[in-house]
Amino acid sequence: MQIYNSLTRKKEEFIPLKPGHVSMYVCGITAYDYCHIGHARSAVVFDVLVRYLRYIGMQVTFVRNFTDVDDKIINRANREGTDFESIARSYIDAFYTDMDRLGILRADIEPKATEHIKEMIELCENLIAKKHAYSTPSGDVYFRVRSYADYGKLSGRNIEDLMSGARIEPGEEKEDPLDFALWKGAKPGEPSWPSPWGPGRPGWHIECSAMSERYLPLPFDIHGGGQDLAFPHHENERAQTEAATDKQFVRYWVHNGFVQINSEKMSKSLNNFVTIRDILANYLPEVLRFFLITKHYRSPLDYTSDALEESERALKRIYLTKTAAEAHVAGTKWTATPLPAEIVVEATALEAKWDDSMADDMNTAAALGHVFVLMKIVNRILEDKTLKKSEQGRDMIRHALKLFERWGEVLGLFLMPSSDFLTQLKESRVLRRKIDTDLVQTKLQERKEARAAKDFARSDAIRDELLALGVTIQDTAQGVQWDVE
Ligand SMILES: [Zn+2]
């Protein structure tokens with residue numbers, strides 16, 4: 001597999017340090033609010049990466065942390081008149097609820113910052129002993145940025161550029177404006193832990209250095225996170241660990257791109273944060289998941305309701321094809337009838353293309369393109385009356401269904417029973433388009449009566465009225481069925 005390494009700024013062959021075993025750390029959430037679509041993208045990207053690495057036969061040890069003590073958490077707790085633990089706990093619960101709906105697999109190890117205070121203090125002590133850090137009279141500990149020669153390399157910044165924007169805030173006892181806090185002396189009303197520098201709490205960056213080293217051998221293979229974390233968070237993590245251990249920290253740095261909202265940057269000032277919950281109030285989780293991998297993970301992704309509708313239509317087409325395919329082979333068995341040579345060639349080539357796309361820096365956009373080709377092949381077989389009824393045709397359909405399943409396991413898509421997906425999709429569209437189902441039933445009854453009376457003009461008029469509401473109808477052997485466009 002080729003993967004883009006943010007540190008070297010190029011695609012590299014991915015070769016884990018320990019053959020067949022991948023060690024991977026991804027920065028998790030700071031638990032002080034509901035997850036937004038940016039969190040969803042990062043979670044889905046690294047979920048697909050883990051699934052893919054397992055698909056190609058790697059054993060993956062995946063660590064994803066929770067930041068459960070931080071300024072934002074403490075501020076929220078103070079605003080709401082509660083303690084930071086309750087805030088962190090409730091937003092970690094909310095994280096699991098949202099991520100489970102999106103089909104995000106649990107990480108193998110999910111450490112929390114507050115459970116690793118001891119490791120963080122040890123890391124600070126080590127950095128102080130090596131003169132990479134210093135404590136101040138008020139009990140803060142700072143990292144001495146200029147003591148680590150490689151600082152800025154990961155995010156492509158140099159010390160001079162950083163200096164121009166840096167200053168020492170009133171009350172800070174830094175030697176140098178570039179230095180950042182490893183440990184913060186306790187302020188009144190804040191949670192604190194005892195330390196050699198007096199009661200205090202960890203700075204944000206130190207936790208990922210402490211917890212990754214605790215659970216993964218250094219250097220570990222992949223460190224992931226959103227592009228917004230590259231500076232300062234990942235830059236600082238790297239400086240801390242490499243300065244403390246004299247070892248390489250991470251072998252491949254992987255960053256996913258931003259999500260924009262209607263072509264604008266998502267930001268607190270624009271007040272355009274879209275939470276996962278906002279989206280799932282209107283769309284099925286699988287639709288959001290599908291949308292999030294329609295673009296390559298490093299490209300920006302523009303969230304609009306049109307784009308989500310388009311993903312929904314695409315996913316529906318795939319599930320409709322799967323439904324027809326499953327119905328066609330139901331109750332029949334694999335026969336291993338030799339297939340026509342050109343079909344074998346086409347199918348083999350398609351599988352190879354899919355694997356190549358995923359091996360090329362996890363190009364899910366291209367991989368989805370191949371899913372559509374597969375869908376078209378299935379539809380072609382189902383439309384060919386002779387081929388459809390042949391043993392070969394059925395075997396091909398069965399093989400295609402296996403591919404949907406295998407690829408779906410990697411992408412985390414197409415895994416629902418098709419009928420469940422289509423039923424839930426209809427319910428979701430009924431709600432979103434505010435369709436009055438009683439009215440639809442009344443209209444369908446009127447149409448039935450019109451048809452019984454051979455009043456086809458009336459029957460057609462009702463069909464058109466329903467269509468104007470976004471409701472389509474289909475007369476089947478089981479009676480009339482309706483759906484929402
Ligand atoms: Zn981190």
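**Helix α2 and the zinc site**

In helix α2, which runs over residues 71-79, the buried residues are I73, I74, R76 and A77. Because these four cover an arc of only 165° around the axis, they come to lie on the same side of α2. That is in keeping with helices generally, since an α-helix has 3.6 residues a turn, so residues three or four places apart point the same way. I should say at this point that we are looking at a predicted model.

What do the buried residues of α2 pack against? Their partners are α3, residues 84-101, and β8, residues 200-202. As for the ends of the helix, the N-terminal end of α2 is capped by D70, which places a side-chain oxygen 2.7 Å from the backbone nitrogen of K72, while α2 is followed by G81, a residue with a positive phi, near 65°.

Let me turn now to the metal. The zinc ion has as its protein donors C27 through SG, C208 through SG, H233 through NE2 and E237 through OE, and these lie 2.0 to 2.2 Å from the ion. Along the chain, the donors of the zinc ion are spaced as C-x180-C-x24-H-x3-E. Since C208 belongs to helix α6, residues 204-215, and H233 to helix α7, residues 230-245, this pair ties together parts that are 25 residues apart in sequence. C208 and H233 are, moreover, both buried.

And what is the geometry of the site of the zinc ion? The angles among its 4 donor atoms range from 78 to 128°, and the site is irregular; the low end of that range matters here, because a tetrahedral assignment asks for all angles between 85 and 135 degrees.

How values were computed. Residues numbered from 1 in each chain as written. Predicted model: local features only at pLDDT ≥ 70, side-chain atom pairs only at ≥ 80, totals over all residues. Heavy atoms only, no water. Buried < 20%, exposed > 50% of the residue type's maximum accessible area, 1.4 Å probe, protein only. Helix = DSSP H or I, 4+ residues; strand = E, 2+ residues; numbered from the N terminus. Arc of directions from axis to C-beta. Contact = heavy atoms within 4.5 Å. Polar contact = N/O pair within 3.5 Å; in protein donor to acceptor, adjacent residues only side chain to side chain. Donors = N, O, S within 2.8 Å, 3.2 Å for Na, K, Ca; no water. Tetrahedral: all angles 85-135°; square planar, octahedral: opposite > 155°, others 65-115°.
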